[in-house]
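Here are a few exercises to work through with the model open in front of you. Try each task yourself before reading its solution.

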Amino acid sequence: MEEGEPLITPAELRQYHYCPRVVFYERCTPVYRRETLRMQYGREAHDVEVALEKQRSLQRYGLHQGQREFGVHLHCDSLELSGIADLVVTVGAESYPVEFKDSTREPDLGHRMQLCAYGLLLEATRPTQSPKGFWHSTRTRETYMVEFDAKLRKRTLQAIREINAFIKAERCPDPTPQVAKCFECELKNFCGDVF
Ligand code: SF4
């Protein structure tokens, strides 16, 4: 990564979990991914959710009170990470990132690493602890608590290192081992070794 180049984002950890090549193509090649209808719907649902959240209580997070910040910019050179958290709730000496997702599923490892990355950024840039975060589905209205335990922190930091390594070396990573994902991937034309 050249000096001045953007740091990787928590959202790229989620993409990396889906398939490392998605991050590689977007970072290291001139591939342009047009926004699909599904992506557009997700973005619009996300914006509506953020607007509604401003009128809600913190009950869904099991909290009675807390300070809410929306669209929080976080940046840490030593973590090589930068991003904008949908929401950060601070209660005393602890801060909890919140992500809103247009999904009917429970958060997978990619989602949990994305959320944990915001927790790591909060701890690196503020005098706070971030032991957990919340992931809210805009489809099912379910809210999940994600604990940032030692295992998840280690996996998240490992993923950040791996992504930075292949971006800096401009080395195309291995494809996802889950070939079923490739059949509906808009980047499949670039993965001649998979088909
Ligand atoms: S086609 Fe498969 S290997 Fe290639 S980017 Fe898409 S998901 Fe990854």
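**Exercise 1. Find the largest cavity and say how big it is.**

Solution. Keep in mind that this is a predicted model. Start with the volume: the largest cavity fills about 110 Å³. Next, check for others: the structure holds 1 cavity of 30 Å³ or more.

**Exercise 2. Work out which residues line the largest cavity, and which elements they come from.**

Solution. Step one: count the lining, which is made up of 15 residues. Step two: look towards the centre of the cavity, where Cys19, Thr176, Cys182, Cys185 and Cys191 lie nearest. Step three: turn to the elements, where α2 (20-28) and α6 (180-183) are the ones giving two or more residues to this lining. The largest share belongs to α2, with 3 residues. Step four: sort the lining by character, and you get 11 nonpolar, 1 polar and 3 charged residues.

**Exercise 3. Locate the ligand and describe what surrounds it.**

Solution. Go back to the largest cavity, because a molecule counts as sitting in a cavity if more than half of its atoms lie within 2 Å of the cavity's grid points. By that test, the ligand sits in the largest cavity. Now pick out its neighbours: Cys19, Arg21, Tyr25, Pro175, Thr176, Cys182, Cys185, Lys188 and Cys191 surround the ligand. Sorted by character, this shell has 6 nonpolar residues, 1 polar and 2 charged.

**Exercise 4. Trace the sheet and explain why one side of β1 and of β5 has no neighbour.**

Solution. First, read off the order: the 5 strands run β1-β2-β3-β4-β5 in an open sheet with mixed pairing. Then look at the ends: β1 (67-76) and β5 (143-147) are the edge strands, and each has a single partner, so one side of each is left without a neighbour in the sheet. Finally, check the twist: neighbouring strands are turned by 35° against each other on average, ignoring direction.

**Exercise 5. How do β3 and β4 run, and how many bridges join them?**

Solution. Find β3 at residues 94-101 and β4 at residues 132-137. The two strands run parallel, and 4 bridges join them. For a landmark, find Glu99, which stands opposite Trp135 in β4.

Notes. Residues numbered from 1 in each chain as written. Predicted model: local features only at pLDDT ≥ 70, side-chain atom pairs only at ≥ 80, totals over all residues. Heavy atoms only, no water. Near = heavy atom within 4 Å. 1 Å grid on protein atoms, 1.4 Å probe; cavity = no way out; pocket = protein on both sides within 12 Å on 5 of 7 lines; lining within 4 Å. Nonpolar A, V, L, I, M, F, W, Y, C, P; charged D, E, K, R; others polar. Points joined across faces, edges and corners; volume = space filled by probe spheres on them. Pairing = 2+ DSSP bridges. Axes fitted to C-alpha atoms, helices over the stretch in contact; angles between N-to-C directions.
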